[in-house]
Amino acid sequence: MNSTLPTTARSGSADGAALLQVTDLVRHYALPRETLFAPPPLVKALNGVSFSVQAGRSLGIVGESGSGKSTIARLVMALDAPTSGSVRLEGRDLNALSKAELRTARRDFQMVFQDPYGSLDPRQTVARIVAEPLDALAEASSRKEQRERAAESLAAVGLRSTDLDKYPHEFSGGQRQRIAIARALITRPKLIVADEPVSALDVSVQAQVLNLMQDLQQQFGISYLLISHDLAVVNHLCDDVAVVFKGQIVEQGRPGDLFREAQHPYTRTLLSAVLQTP
């Protein structure tokens, strides 16, 4: 991405309902005991993180490696359980749901991973990869219906139905990430959690993928929770940004306002690094 941080027009309304509400999220991990009788030492990955994402809008979670941002993504996706606190999607506490209820709820929130190479099974055709969430949710009654819906998702991300029978190695990195987005899109989710979705792509391709995500947001009303270390990427896509440092949100606001008038030293350090990038 370009290292400058221009103001970008975005869709959505600041008055929209809170789709995702994260409250006082804490996650501690116990390390192996140093001695038999000593209590296990703790890694405090998150310490009281709270934020919300409104319907049809995007929030960027930004921070360096080890700041806790990927832990947030895992907890929001209910791939891990918090030590305390809650993650609510449309008012439902995801950690209070039964396994069956959570499986049904997953049609409303999907994930796009960082690595478009590692996140796609090289042994599967694109048709099977994109339709995978339908299998997990038992949403499609037949392979024919799955194939039709997979073709629709591919068309939405700018790929063709003739790509259904190809394999991941036949595509470029940007096309693979489009396939990953199509897979997330197939259940028509209300929220997509995108963990560094363009960091593995060439700079020339990053803006194309981000523009695609914007177009899909306008078309389907999707909300994004974007995890990134790149302030320029967050500025391109997000309505709001939260800066995470040592497991806590140290600053939050609109990207333009935050980047112009950063208050926390960590935010100013991140911003300085971006602006010094050639």
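## S223 and strand β8

S223 touches L19, V53, Q54, A55, G56, R57, K190, L191, I192 and Q217, leaving out residues up to four places away in sequence. This is a predicted model. S223 belongs to strand β8, which covers residues 223–228. S223 has a relative accessible area of 0%. The cut-off for buried is under 20%, so S223 is buried.

## The four-stranded sheet

Four strands form an open sheet in the order β2-β1-β4-β5. Their pairing is antiparallel. The edges are β2 (42–54) and β5 (92–93). Each of these edge strands pairs on one side only.

Strand β1 spans residues 18–30 and runs antiparallel to β2. Ten bridges join β1 to β2. Where does Y29 find its bridge partner in β2? The partner is V43.

## Helix α1 against the sheet

Helix α1 takes in residues 69–76. The helix lies across β1, β2 and β4, the last of these being residues 84–89. Relative to β2, helix α1 runs at about 65 degrees.

L75 sits in helix α1. Is L75 buried or exposed? L75 is buried, at 0% relative accessible area. Beyond its neighbours within four places in sequence, L75 is in contact with L25, R27, L46, D80, A81, P82 and V87. L75 and V22 are 53 residues apart along the chain. Their C-alpha atoms are separated by 9.6 Å.

## Helix α5 and its two partners

Two packed helices are described by the angle between their axes and the distance between the axes. Helix α3 (residues 126–137) packs with helix α5 (residues 173–185) at an angle of about 40 degrees. The axes of α3 and α5 are 6 Å apart. On the α3 side, V126, I129, V130, E132 and P133 make the contact. On the α5 side, I179, A182 and R183 do so. The residues of this contact of α3 with α5 comprise six nonpolar, two charged and no polar.

Helix α4 (residues 143–156) also meets α5. The axes of α4 and α5 come within 9 Å and cross at roughly 125 degrees. That angle makes α4 oblique to α5. The crossing of α4 past α5 is right-handed. S153, L154 and A156 of α4 make the contact with I179, A182 and L185 of α5. The residues of the contact of α4 with α5 divide into five nonpolar, one polar and no charged. I179 and A182 of α5 therefore take part in the contact with α3 and in the contact with α4.## Two residues with positive phi

A78 is not a glycine, yet A78 has a positive phi of about 60 degrees. A78 lies in the loop between α1 and β4. The relative accessible area of A78 is 17%. Buried means under 20%, so A78 is buried.

K246 is not a glycine either, and K246 has a positive phi of about 50 degrees. Which strands flank the loop of K246? They are β9 (240–245) and β10 (248–253). Is K246 buried or exposed? At 62% relative accessibility, K246 counts as exposed.

Technical notes
Residues numbered from 1 in each chain as written. Predicted model: local features only at pLDDT ≥ 70, side-chain atom pairs only at ≥ 80, totals over all residues. Heavy atoms only, no water. Axes fitted to C-alpha atoms, helices over the stretch in contact; angles between N-to-C directions. Contact = heavy atoms within 4.5 Å. Nonpolar A, V, L, I, M, F, W, Y, C, P; charged D, E, K, R; others polar. Pairing = 2+ DSSP bridges. Parallel < 35°, antiparallel > 145°, perpendicular 65-115°, else oblique. Left-handed = near helix turned anticlockwise from the far one by under 90°. Buried < 20%, exposed > 50% of the residue type's maximum accessible area, 1.4 Å probe, protein only.
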